Amino acid sequence: MWMTTVLLLAVTMAGGCGGKNDRQGDPLPSPSAPPASGLANGSVSPTSTATRSVETSPGAGATTPPTSKPPAKGHGSRLIKWLQNFTPTGGGGSTAEAAYFNFMQGDCWATLQLARVSVAEENLEPLEEPLRSTYEGAAAACLAAFHGRRDLWRIAETRLDRVNPSSLDCWDRSVYLILDALVGAHRADPEATFAKAKGGASHCPELEPSIFPEHGPRSGGYQVEIRGRNLPMTLEFLWNYDRTVTATRAGPGQPMMLTVPAARSDDSDVTLKIAAAPRIAPIYTGFTYDD
């Protein structure tokens with residue numbers, strides 16, 4: 001038996017999400033599962049510290065889980081990498097955030113239901129393009145590759161061809177890359193079997209737990225250094241969740257600097273979150289105002 005390996009890691013790319021919510025009228029075969037209502041709040045465990053196996057997770061609340069198909073003899077095994085140390089934090093969030101959480105945890109069944117929300121439901125809003133096609137395609141490809149739902153390959157291929165990945169941010173692009181690898185391997189060999197490989201670290205921005213210096217006067221107006229991995233030239237943060245601040249680097253290899261805003265009356269220990277990122281552990285850092 002020969003083996004072809006597809007190695008996939010998330011790639012750091014800049015760009016926003018947007019576009020029109022347009023499904024272009026494709027009829028979709030519907031797996032047997034209840035509506036996705038409530039999946040954005042509570043379907044992801046805030047204490048989870050590792051990616052669940054896509055081979056064993058049928059999806060949150062699914063009454064008829066997909067069935068696994070044994071590997072066919074005589075065909076190559078495609079190894080697809082998920083992120084190895086995916087750690088979500090908190091609950092709730094947008095439909096897109098819930099879709100990302102579920103997909104990176106390997107719960108592709110729940111991801112498909114989230115992607116197919118067509119009207120506003122409890123705690124859920126429909127995904128707009130290109131996110132809708134990205135997540136529906138990725139979930140369909142995952143279910144086709146790992147759970148025997150070969151009827152969903154057509155959906156995966158159609159959605160892949162709709163998406164311009166340059167319009168996706170780094171985290172959503174990592175989902176697109178998994179979709180692209182799965183569909184590419186299937187197109188190269190429609191009878192190929194798939195296995196999930198241990199992944200590696202994300203190539204999206206990640207922060208150290210604190211900035212340097214990690215405290216300073218309440219007057220603000222001075223600069224502190226943001227430390228981490230894969231930092232771009234410019235990065236927007238939420239300062240204590242409700243103020244937007246921008247950190248910049250003077251050039252390649254230069255430190256990323258942020259000007260500290262003046263403290264408000266109730267500011268003490270401040271949390272910084274990368275503004276565009278889903279709520280996962282590596283996108284937070286902290287700062288403390290001196291008393």
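I count two residues as in contact when they have heavy atoms within 4.5 Å. With that settled, I opened the structure, which is a predicted model.

**Entry: Pro255**

I used the contact rule on Pro255 to begin with. Leaving out residues up to four places away in sequence, I found Pro255 touching Glu225, Thr248, Arg249 and Ala250. I then looked up where Pro255 sits, and the answer was the loop between strand S8 (243-249) and strand S9 (256-259). Is Pro255 buried or exposed? Neither, quite: I got a relative accessible area of 35%, so I wrote down "partly exposed". I also checked Arg227, which is 28 residues from Pro255 in sequence but 7.7 Å from it in space, C-alpha to C-alpha.

**Entry: the whole chain**

Next I zoomed out. I noted five helices and eleven strands in the protein chain. The chain has 291 residues, and 48% of them count as buried. I also looked at contacts between residues at least 6 apart in sequence, and 74% of those join residues at least 24 apart.

**Entry: the core**

I went looking for the largest nonpolar core and found that 73 residues belong to it. Which members touch the most others? My notes say Tyr100, Ile226, Phe237 and Phe287. A reminder to myself: in soluble globular proteins, nonpolar side chains tend to be buried together.

I picked Ile226 for a look at its surroundings. Skipping its neighbours within four places in sequence, I listed Leu207, Ile211, Leu231, Phe237, Ala247, Met256, Leu258 and Leu272 as its contacts. Phe237, another of those well-connected core members, is on that list.

**Entry: Trp171**

I found Trp171 in helix H5 (residues 170-188). Its relative accessible area is 6%, and under 20% counts as buried, so Trp171 is buried. What does Trp171 contact, leaving aside neighbours within four places in sequence? I wrote down Tyr100, Cys204, Pro205, Ile274, Ala276, Ala277, Pro278, Ile280 and Ile283. I looked closer at the pair with Tyr100: the two are 71 residues apart in sequence, yet 8.0 Å apart in space, C-alpha to C-alpha.

**Entry: Glu206**

Glu206 turned up in strand S3 (residues 206-207). I had to check the cut-off for this one: the relative accessibility of Glu206 is 18%, and buried means under 20%, so Glu206 counts as buried. Beyond its neighbours within four places in sequence, I saw Glu206 in contact with Arg227, Gly228, Arg229, Leu231 and Pro282.

**Entry: helix H2**

How many residues of helix H2 (residues 108-115) are buried? I got eight of the eight, so H2 is largely enclosed by the rest of the structure. I jotted them down as Cys108, Trp109, Ala110, Thr111, Leu112, Gln113, Leu114 and Ala115. These buried residues pack against helix H1 (95-104) and H3.

**Entry: H3 against H4**

I moved on to helix H3 (residues 131-146) and helix H4 (residues 153-162), whose axes come within 8 Å and cross at roughly 150°. That angle makes H3 roughly antiparallel to H4. I put the crossing down as left-handed.

Which residues meet here? From H3 I listed Ser133, Glu136, Gly137, Ala140, Ala141, Ala144 and Ala145, and from H4 Trp153, Ile155, Ala156, Arg159 and Arg162. Sorted by class, the contact has seven nonpolar, two polar and three charged residues. I added a note on spacing: an α-helix has 3.6 residues a turn, so residues three or four places apart point the same way.

**Entry: backbone oddities**

I looked for cis peptide bonds too. One runs from Glu129 to Pro130, with omega near 5°, and Pro130 is in the loop between H2 and H3. Another runs from Phe212 to Pro213, with omega near -10°, and I found Pro213 in strand S4 (residues 210-216).

Last, I checked for positive phi values outside glycine. Asn230 has a phi near 60°, and I placed Asn230 in the loop between strand S6 (228-229) and strand S7 (234-239). Asn230 is partly exposed, at a relative accessible area of 30%. Tyr241 has a phi near 75°, and it sits in the loop between S7 and S8. I noted 48% relative accessibility for Tyr241, so it counts as partly exposed.

Methods: Residues are numbered from 1 along each chain as its sequence is written. This is a predicted model: local features need pLDDT of at least 70, side-chain atom pairs count only at pLDDT 80 or more; totals for chains, interfaces and linings use all residues. Side-chain values use heavy atoms; hydrogens and water are left out. Helices (H or I, at least four residues) and strands (E, at least two) are DSSP runs, numbered from the N terminus. Buried means under 20% relative accessible area, exposed over 50%, partly exposed in between (1.4 Å probe, protein chains only). A nonpolar core is a set of buried Ala, Val, Leu, Ile, Met, Phe, Trp, Tyr and Cys residues joined through side-chain atoms within 4.5 Å. Axes are lines fitted to C-alpha atoms, for helices over the stretch in contact, and angles run from 0 to 180 degrees between N-to-C directions. Angles under 35 degrees count as roughly parallel, over 145 as roughly antiparallel, 65 to 115 as roughly perpendicular and the rest as oblique. A crossing is left-handed if the near helix is turned anticlockwise from the far one by less than a right angle, and right-handed if clockwise. Ala, Val, Leu, Ile, Met, Phe, Trp, Tyr, Cys and Pro count as nonpolar, Asp, Glu, Lys and Arg as charged, and the others, Gly among them, as polar.
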